[in-house]
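User: Please take a close look at one part of this model for me, and keep it chatty. I'd like a connected walk through the details, with the terms spelled out as you go.

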Amino acid sequence: MGAGPVKLPAQQSLGKKMRVLSVVLAGGSGSRLWPLSRHTFPTPFMKLGGAPLLQQAIERGQACGTRDLMVVTNKDHVFLARSVLRQMTAAPDATLLLEPQGRNTAPAIALAALQCIQQLGGDTVMLVLPADHLIPDVDAFAASARPAFDLAAQGSLVVFGISPTTPDTHVDYVEVAQVSREAQPATGFVQTPDLATAQACLATGRHYWNSGIFCFTADAIVAAFEQHAPAVLAAARQALGSSRTAGDAIEFDAATFGLQPDVGLDEAVIAKANNVQLVPASFGWSDVGSWPAVANAHASDASGNTLPADAISIDTTGTHVHIESHGPKLVATVGIHDLVIVDTPDALLVAHKDSAQKVQDVVQDLRARSHEVVHLPATVHRPWGTYASLKEEDGYKVKRITVKPGESLSLQYHHQRAEHWVVVRGTAIVQIGEVEHRTLPGEYRYIPLQEKHRLTNIGQDELVLVEVQCGGYLGEDDIVRLADTYGRA
């Protein structure tokens, strides 16, 4: 590894004679920000800062002048990704790489690079953007990207470095030879250090946090995989070779995909390569990897609290409160300090900020109990819309269901429950047996036990319906699908 700042020729500039592809990594299980983030609705789709984090990552790439987009996400989240793209005012055409299971960043980037070579050419610059970052100053990010693009076009593997503020033991560190505002070669790497090592890194002034944002050409990263992680590249080639293209998506065979090693890009390639350049970030950054990080991304009051606007706080300092409710809820805190309180309709988290990383232990415990609260959020997103459980006791459950215009639920029946439907907004077609009923706001339909039925929104606006289920068993697995627009029958 070399040393010394790298000065770029003045005539090089962003967007000239280079094609740039944004590769947005939108996987993850959502365990670190439970209970707001769940397995079926992970962090990239959460709204922080006014928009879903996935949308912010895409727009960050667009601000840098990227012309193309590739999103790597779980196949179960494809409708969430498409929904984010549809809601953007100027969304680029995207290629969606649909993982049947998580396999970390190295396989994801290897697949993206191989697909990029096929679609756009090996000299395309890839800007790799995790979709769980919060970077408020997009212009500052674009300014940092300019030298990164130029270095990548010259064959370097570029990592964006963040000046550390604390001896964080949950991030990797990149070492350089000297303090500089210019890009320079990386001279060493420290991965997930213990506290003493992190403190030593902070003391040198020559270590940066590895942001997980990278830049390189497709050819350069494939060559690096070939040299340093050939098994990852070979498995990616095999997975891509057995894939199928369906519209905007590339779907992978689960068995072949599962043969890929579960390893991060840093461990597989970046820490071993001798052509890594670090670009110091000139932008504010948070990986929102914990609730204290989320709190730090919000403006605090004079006591260091980040609370809802109408909250009442007495003798409270350094506390973050997040409320997800089906209706208005007043929050009052008294005599508490440095806590995280996250309240959702089906789960409540109270944790000290110093122990916030142990939220993952809670998730592991819930998984061991097979508790659905680790998988399904209070409001469950489906390709056709959403549903939320409002109340449940023995023998009955009340839900709020929304259906997007033109969408419909599957044709289905239930073995152990009957259902009562009341439309409160929009216009529905309710099929019961072989008969279809046009149903307007305020009108009611009864679905007998074991009778096939279907709900369709035929209006121009969102359909909202209140459902009351009655029966001895009310689990979501008591659904027999006879026909389904989304291939679930």
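Analyst: What follows starts with helix 4 and then moves on to some other spots in the chain.

A bit of housekeeping. This is a predicted model, so local features are given only at pLDDT of at least 70 and side-chain atom pairs only at pLDDT 80 or more, while totals for chains, interfaces and linings use all residues. Numbering runs from 1 along each chain as its sequence is written, and side-chain values use heavy atoms, with hydrogens and water left out.

Helix 4 takes in residues 138–153, 16 residues in all (helices are DSSP runs of H or I with at least four residues, strands are E runs of at least two, and both are numbered from the N terminus). Its end C-alpha atoms sit 22 Å apart, which agrees with the 22 Å expected at 1.5 Å a residue (the expected span is 1.5 Å times one less than the number of residues). There's a bend all the same: about 25 degrees at Ala145, with Pro147 following within four residues (the bend is the angle between axes fitted to the seven residues ending there and the seven starting there).

Now for the two ends. At the start of helix 4, Asp137 points a side-chain oxygen to within 3.3 Å of the backbone nitrogen of Asp139. Just past the other end, Gly155 has a positive phi of about 110 degrees.

And what does helix 4 bury? The buried residues are Ala140, Phe141, Ala142, Ser144, Ala145, Ala148, Phe149, Asp150, Leu151 and Ala152 (buried is under 20% relative accessible area, exposed over 50% and partly exposed in between, with a 1.4 Å probe and protein chains only). So Ala145, where the helix bends, is on the buried list as well. Strand 1 (20–26), helix 1 (53–63), strand 6 (125–130), strand 7 (157–162), strand 10 (207–217) and strand 13 (276–280) are what these buried residues pack against (contact is heavy atoms within 4.5 Å).

Some of those partners turn up again with helix 6, residues 218–228. Its buried residues pack against strand 6, strand 7 and strand 10, along with helix 3, helix 7 (230–241) and helix 9. The residues doing that packing are Ala218, Ala220, Ile221, Val222, Ala224, Phe225 and His228.

Helix 1, one of helix 4's partners, leads on to Gly65, which is in the loop between helix 1 and strand 4. Gly65 counts as partly exposed because its relative accessibility is 43%. Its C-alpha is 31 Å from that of Arg206, 141 residues away along the chain.

Strand 1 has a follow-up too: Pro35 is in the loop between strand 1 and strand 2 (47–48). A cis peptide bond, with omega about 10 degrees, joins Trp34 to Pro35.

For another backbone oddity, try Asn104, in the loop between strand 5 (94–99) and helix 3. Its phi is near 70 degrees, a positive value in a residue other than glycine. Asn104 is partly exposed because its relative accessibility is 39%.

Last stop, His320, in strand 15 (residues 320–323). His320 counts as buried because its relative accessible area is 3%. Leaving aside neighbours within four places in sequence, His320 has contacts including Trp291, His298, Thr306 and Lys353.

Definitions and conventions. Polar contact = N/O pair within 3.5 Å; in protein donor to acceptor, adjacent residues only side chain to side chain.
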